[in-house]
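Dear colleague,

I am passing on to you the structure we spoke about, with some notes for a first reading. Please look at the sequence and the model before you go on to the text below.

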Amino acid sequence: MDLQDKLLALLSENQKKIEDTSELADLDKIRVNLLGKKGPITEVLRGMKNLEASERPKVGSFANKVRDDLQAAIDARRGDLRADAINRKLEKETVDVTLPGTPTRVGTPHILQQVIDDLSDLFLGMGYQIVDSYEVEEDHYNFEMLNIPADHPARDMQDTFYITKELLMRTQTSAAQARTLERHDFSKGPLKMVSPGRVYRRDTDDATHSHQFHQMEGLVIDKHTTMADLKGTLLAMAQHVFGAERKIRLRPSYFPFTEPSVEVDVSCFRCGGKGCAVCKYSGWIEVLGAGMVHPNVLTAAGVDPEVYGGFAFGVGPDRLAMLKYGVDDIRSFYTDDVRFLEQFHTEG
Ligand code: PHE
């Protein structure tokens, strides 16, 4: 075999070998063996001294070409192997965007807040303003301005936490009545407000009593407001909360700041009035207190009771929520057990 044939055989055999390598380290070995000082190409070139002088340039340049081709094949293969390695790595490290993520727990407004928001929306729709008032209140607004002077027996039912002799945790949102009445400018129009918030009483906590609960006060003062307006308003509220078929009835009652005063019952939403466990077989459920604002309250706030008058009511969101959702222990609202709260999850 002459040198050229030897070179050709070397080329084709090694091109195949290079193609077949799958590891960069193997490729390196091939390169060293093939093109190194002790490799076959060097050997061929060394053998040239035995050739005719006229043959040498031809064989020499052929040998160089073979070496260049092999080098090129090695370089190309190296490029491919490197690209493969990168691709493999990329594949291994890709983030699967279709994998479901770790779910975050989405909270929901507290059920009492939902009831308060719902009532607020109802009254906003009827043209009332929403008033936010103080939880730490002066004796003056919580009692005095509401026709409950010191030593009045009505204070007994509303004992509370005193900060000082004059400052207390308010026992009723009615304190917001007094404050709003005092600052309202009647030359600008009638007063229609609701005021939701927390109230406090020195109660022993049990299933139906909590030392902290909620009320929403309502107050409407205008020139010609009657008890029929009060009844219509309360009927609208009862039907909004408990269903369009509900009826209400007013029973005489007593509050120092309203005269006449009433307890308001709503026909039972569970049995429709026939009598069941929810309404204690009476057909009616007591839901709130109300009445026509006492002239003394108007006078105390600087409003002339000969010209202005109106009604007030106080409703308990805790009680409404207990009735509507069948919650049998008021303390559930305040212990913040997520299992309880989650039942009232609302979307959005
Ligand atoms: N403030 C009264 C209470 O806590 C409820 C009420 C409000 C009654 C407004 C009449 C008018 O018992």
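What follows goes from the overall form to the pockets, and then to one helix.

Please keep in mind throughout that this is a predicted model. The secondary structure of the protein comprises 11 helices and nine strands. Along the principal axes, the C-alpha atoms fill a box of roughly 140 × 45 × 35 Å, and the radius of gyration is 46 Å, whereas a compact globule of 348 residues would have one near 20 Å. Of the 348 residues, 43% count as buried, and the protein exposes about 19800 Å², of which carbon and sulfur atoms supply 52%. If one takes the contacts with a separation of 6 or more, 67% of them are between residues 24 or more positions apart.

Turning to the pockets, the largest has a volume of about 1300 Å³. It is lined by 50 residues, and those closest to its centre are F213, E286, V287, G316 and R319. At least two lining residues come from each of α7 (174-183), β5 (212-222), β6 (248-255), β7 (258-267), β8 (284-293), β9 (309-315) and α10 (317-325), with β8 giving the most, namely seven residues. Sorted by class, this lining has 22 nonpolar, 15 polar and 13 charged residues.

The second largest pocket has a volume of about 280 Å³. Its lining is made of 16 residues, of which L112, Q113, I116, R198 and H214 are the closest to the centre. Two or more of the lining residues are given by each of α5 (111-125), β4 (191-200) and β5, and by class the lining of this second pocket divides into five nonpolar, six polar and five charged residues. The strand β5 therefore deserves a second look when you compare the pockets, as β5 supplies at least two residues to the lining of the largest pocket and two or more to that of the second largest.The last point concerns α10, which also supplies at least two residues of the lining of the largest pocket. Its buried residues are P317, D318, L320, A321, M322 and L323, and these pack against α5, β5, α8 (227-242), β8 and β9. After α10 comes G326, whose phi is positive, near 65°.

With kind regards

Conventions:
Residues numbered from 1 in each chain as written. Predicted model: local features only at pLDDT ≥ 70, side-chain atom pairs only at ≥ 80, totals over all residues. Heavy atoms only, no water. 1 Å grid on protein atoms, 1.4 Å probe; cavity = no way out; pocket = protein on both sides within 12 Å on 5 of 7 lines; lining within 4 Å. Points joined across faces, edges and corners; volume = space filled by probe spheres on them. Helix = DSSP H or I, 4+ residues; strand = E, 2+ residues; numbered from the N terminus. Nonpolar A, V, L, I, M, F, W, Y, C, P; charged D, E, K, R; others polar. Rg over C-alpha atoms; globule rule 2.2 N^0.38 Å. Buried < 20%, exposed > 50% of the residue type's maximum accessible area, 1.4 Å probe, protein only. Contact = heavy atoms within 4.5 Å. Areas by Shrake-Rupley, 256 points an atom, 1.4 Å probe, with all protein chains shown as cover.
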